[in-house]
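Me: I'm new to this one, so could you walk me through it step by step? Let's begin by looking at it together.

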Amino acid sequence: MVPASAAVSHQSSLQVALRRLSAIKLDIGRSPSSSLALSTKAGTMSTSSKNPQRAPWRDILDSQLKQTAAYDFTVATVGYDAQQRPVPRLRTCGCRGFFPELELNPKGQEAMDQQVEGGGNPPVFESDMLSFTTDPRMEKLSQLESSGHAVEAVFWLKDLMTQWRIKGTAYVIGDPSGEDSQIEKSSRTEISKALRVKGGADSDVAKWTWQNAVTKYFANHSPVARGFFRNPPPGQPKSSTTSQSDLKLGQKVLDLYDPVARANFRVVVIRPEQVECLDLTDQENAKRWNWTLVDGDDGSQWDEIELWP
Ligand SMILES: Cc1cc2nc3c(=O)[nH]c(=O)nc-3n(C[C@H](O)[C@H](O)[C@H](O)COP(=O)(O)O)c2cc1C
């Protein structure tokens, strides 16, 4: 928990940071081109792409999240009712930070070291995309598929008196059949477009795999939480579901490649297109900023605008 005084001092530094970031944003938009070669289970996929611009809001949100004990966010998708009218659907999810730079807990790292060659991926990529994990048997994934991947996520960081809204498109990875699945294949393609190669890491790009990226998220769950992915089908009536020996509550999963749990495990990656920050620290002088990703001649750029709150 951040004491109120620290929150206030952070807020004034937020305002300074926003001004500074605004001033330098034209420079950081001109990152060098990089060749991304993302290895997949099926082989190596190479794309020649520009390193996308680092979003001006990213480090501010990142620093605020790091000051928050646990950061759940509300994730909204669009569903359709029986008359095919669009309906908003919202739920709480545990935000897992910026893809793919999940900070593993010590037990998760131990599991990766023991079960995954080389302990997992080299730290090659970073991005401005937020991530969470889920079960494809839940409704949100079919809602993403039927709504053009539309998503909005919101954080209310009460200790910092700040709300963040992140609107964009969400892509799902982790299908065990890899790129034999069209959804997995197109998700990887879309996510790749917004990955940045970290400085000096180009030589390690070919060692990075999508499977290891997803396994790291699975490893970051406790054995009991991994067991959720061996639960009976979420959201289905108990009365109409026949029991299966491998799907029951309260299981512990130690094997990072447990086939039943991994079949029900996915990582959702949100590619932001519009971000809004509402700072209510000073109630008499609330602040609101909006950043919108716009396509320019030399790639996408973030436009920043200060709004009336
Ligand atoms: C504190 C908290 C954290 C949660 N974290 C997640 C999560 O990370 N991923 C997830 O799919 N559901 C999570 N849930 C459950 C969801 O809120 C929701 O019940 C579930 O995802 C089914 O939603 P859907 O059928 O609309 O997809 C969490 C719930 C709570 C209360």
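**Around the ligand and into the core**

Reply: Happy to! Bear in mind that this is a predicted model. Strand 4 gives five residues to the shell around the ligand, the most of any element.

Me: Which elements give two or more residues to the shell around the ligand?

Reply: The ligand is surrounded by 13 residues, and the closest are Arg91, Thr134, Met138, Glu139 and Lys140. By class, the shell holds three nonpolar, five polar and five charged residues. The elements giving two or more are strand 4 (86–94), strand 6 (130–134) and helix 4 (139–146).

Me: Do the buried residues of helix 4 line one face or opposite faces, and within what arc do they fall?

Reply: The buried residues of helix 4 are Lys140, Gln143 and Leu144. They line one face of the helix, because seen down its axis they fall within an arc of 100°.

Me: What covers the buried residues of helix 5?

Reply: Helix 5 (residues 182–192) has Glu184, Ser187 and Ile191 as its buried residues. Seen down the helix axis, these fall within an arc of 65°, so they line one face. Their cover includes strand 8 (162–173) and strand 10 (266–279).

Me: Which residues have the most contacts inside the largest nonpolar core?

Reply: In soluble globular proteins, nonpolar side chains tend to be buried together. Here the largest nonpolar core has 50 residues. Leaving aside neighbours within four places in sequence, Met129 is in contact with residues including Phe98, Phe99, Ile191 and Val269. Those with the most contacts inside the core are Met129, Ile173, Val269 and Ile270.

How values were computed:
Residues are numbered from 1 along each chain as its sequence is written. This is a predicted model: local features need pLDDT of at least 70, side-chain atom pairs count only at pLDDT 80 or more; totals for chains, interfaces and linings use all residues. A nonpolar core is a set of buried Ala, Val, Leu, Ile, Met, Phe, Trp, Tyr and Cys residues joined through C-beta atoms within 7 Å. A residue is buried if 20 or more other C-beta atoms lie within 10 Å of its own, exposed if 12 or fewer, and partly exposed in between; C-beta atoms are placed from the backbone. Two residues are in contact if their C-beta atoms, placed from the backbone, lie within 7 Å. A residue is near a molecule or strand if its C-beta atom, placed from the backbone, lies within 6 Å of it. Helices (H or I, at least four residues) and strands (E, at least two) are DSSP runs, numbered from the N terminus. Ala, Val, Leu, Ile, Met, Phe, Trp, Tyr, Cys and Pro count as nonpolar, Asp, Glu, Lys and Arg as charged, and the others, Gly among them, as polar. The arc is that of the directions from the helix axis to the C-beta atoms.
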